[in-house]
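Dear colleague,

Please find below the structure that I am handing over to you. My notes on the packing of its secondary structure elements come after it.

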Amino acid sequence: MIQATTVAIRLPVMDAKSRQNMNRRRSTIAEIAARAGVSIPTVSRVLNNRPDVAPATRERVERVIREAGYVRSRVANALRRGSSGIIDLVVPDLDSPYYFEIIRGVEEVLERTELRMALSTTHDESRRERQWLRQVIEGATDGAILVLAQGQSDRLDELRRHRIPFVVVDHRGELGPDVPSVGATNWAGGRAATEYLLSLGHRRIAIIAGWPNLRCSQDRIAGYRAALEEAGLPVDPELIRPGEFRQQTGYDQTCALLALPEPPTAIFAGSDLQAMGVYAALRAHGLRVPDDVSVVGFDDVPIATMVSPALTTIRQPLAEMGRMATTMLLRLIAGEPLDSMRVELATSLVVRESCAPPPSPDH
C-alpha cells in the first residue's frame, strides 16, 4: 500500500527569478565539486565543517572555493537552499498493481532519507505528460523518476536542459546510451515462459503481448520465437496477438484465439492483468485452467496468488526496479557517477497451478 505520509502534493509554480536562482545554486555547487574532483555531498561536508573528510580533500575543496572567488558563507547558504526536498515520480495511472509495486520500491529507499515523493499520473496522454513536465521545470524538484509511455526523447531533453536529474523505469521505447534507466530482462522472460510450456508438451502456444512498437513487447515476443525455433517448431503469426497490458485485451484476444481452426493449448499473457482476462474468456467458453488450456502471465503482482488456480508467471522485480531507480537518482543528485547507465534486473519463472500437459486428442 502507498503510505500517504510519503506522498507530497506537487509544489506551486515558481516565478522566473526563483527558478533562475535555484538553477544558479545547483550550478555553483556542481562547479565546485567538479573542479575539486569530489562529489556534491563532499562539498556539503566541507562547507558544514563535518569531520568525516580527509584533510587533503578538505584542502582541495577549500582551495577551489578561494581560487574561484566564491564567498564561503554564500555557497553554504546556497547549498542549504538548493534542495526542494522533493523527488517527482510520474506513472501512467494507478489502476494496475504493476505501478503500485514500483512505487513501493521508491518509497522504501526514500524512507531512509529526508526526501518526499510527489506522485503524478499522466494516463499515457501526451498532453498530461507535457503538463507535468512544465510543472516540474517551473516548480521545484531534486530529481525525477519516470515510468512513461514510449516516445519521450523530447521530454528527457527538456529535463536535461534544465539540469534536472532523472532516471527512467521500464521504458517502452528506445533510449539512448546516455539515458539512465532501469528495466528487466524481457527477452529472457519470454523465452523462459515458452520453454516451460514446451517442457509440458505444448506445441500450440499463443502469446498475447503489448503493442508491437513497444520495446518490452518486442523483446518478449523475440524470446518466445527463440524458444519455438530452438524446439524446431514453426512460428504461427496467428498465435501472436498484440494489445494493451490490460484485462480486456486478454479477454478479447483469447476469444479470437479460441475461434481459430486449431486453437492453442497454452496462452502466454504479457501481463498478469491480461492473464485475468484470459481466465475470464476461457470460463465464458466452458474451458478450464489448466485442464483444457494452460496459462502463464508476466509481472508476478499480488493478484497472481489470489486467483484460482494460482497463476504461473514470470516474475518481474518491480519493487526492486523502483528501489534501483531511486538509488541511481540519489547518486545523480549528489553528483556521483553511475556504475552503469542501463540496469536490467533478472526475471524468473514462478511455477504455480495454472499449467499442465496439453489435453489428449480424445479429451
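The following paragraphs set out the findings on a sheet, the helices that pack on it, and a pair of helices.

Please bear in mind that this is a predicted model.

The sheet is open and consists of 6 strands in the order 8-7-9-10-11-13, with mixed pairing. Its edges are formed by strand 8 (240-241) and strand 13 (348-350), each of which pairs on one side only. Strand 13 is joined to strand 11 (residues 312-315) by antiparallel pairing over 3 bridges. Within this pairing, Arg315 has Ser348 of strand 13 as its bridge partner.

Two helices that pack on the sheet should be noted. Helix 8 (residues 186-199) touches strand 7 (205-208), strand 9 (266-269), strand 10 (294-299), strand 11 and strand 13. The direction of helix 8 makes about 165 degrees with that of strand 10. Helix 9 (residues 215-230) touches strand 7, strand 8 and strand 10, and its direction makes about 170 degrees with that of strand 7.

Turning to the helix pair, helix 10 (residues 247-258) packs against helix 11 (residues 272-284) at an angle of about 45 degrees, and their axes lie 6 Å apart. The two helices are therefore oblique to each other, and helix 10 passes helix 11 in a right-handed crossing. Residues of helix 10 in this contact include Gly250, Tyr251 and Thr254, while those of helix 11 include Gly277, Ala280 and Ala281. By class, the contact comprises 10 nonpolar and 6 polar residues, with no charged residues.

Yours sincerely

Key. Residues are numbered from 1 along each chain as its sequence is written. This is a predicted model: local features need pLDDT of at least 70, side-chain atom pairs count only at pLDDT 80 or more; totals for chains, interfaces and linings use all residues. Side-chain values use heavy atoms; hydrogens and water are left out. Axes are lines fitted to C-alpha atoms, for helices over the stretch in contact, and angles run from 0 to 180 degrees between N-to-C directions. Helices (H or I, at least four residues) and strands (E, at least two) are DSSP runs, numbered from the N terminus. Angles under 35 degrees count as roughly parallel, over 145 as roughly antiparallel, 65 to 115 as roughly perpendicular and the rest as oblique. A crossing is left-handed if the near helix is turned anticlockwise from the far one by less than a right angle, and right-handed if clockwise. Contact means heavy atoms within 4.5 Å. Ala, Val, Leu, Ile, Met, Phe, Trp, Tyr, Cys and Pro count as nonpolar, Asp, Glu, Lys and Arg as charged, and the others, Gly among them, as polar. Two strands pair if DSSP finds at least two bridges between them.
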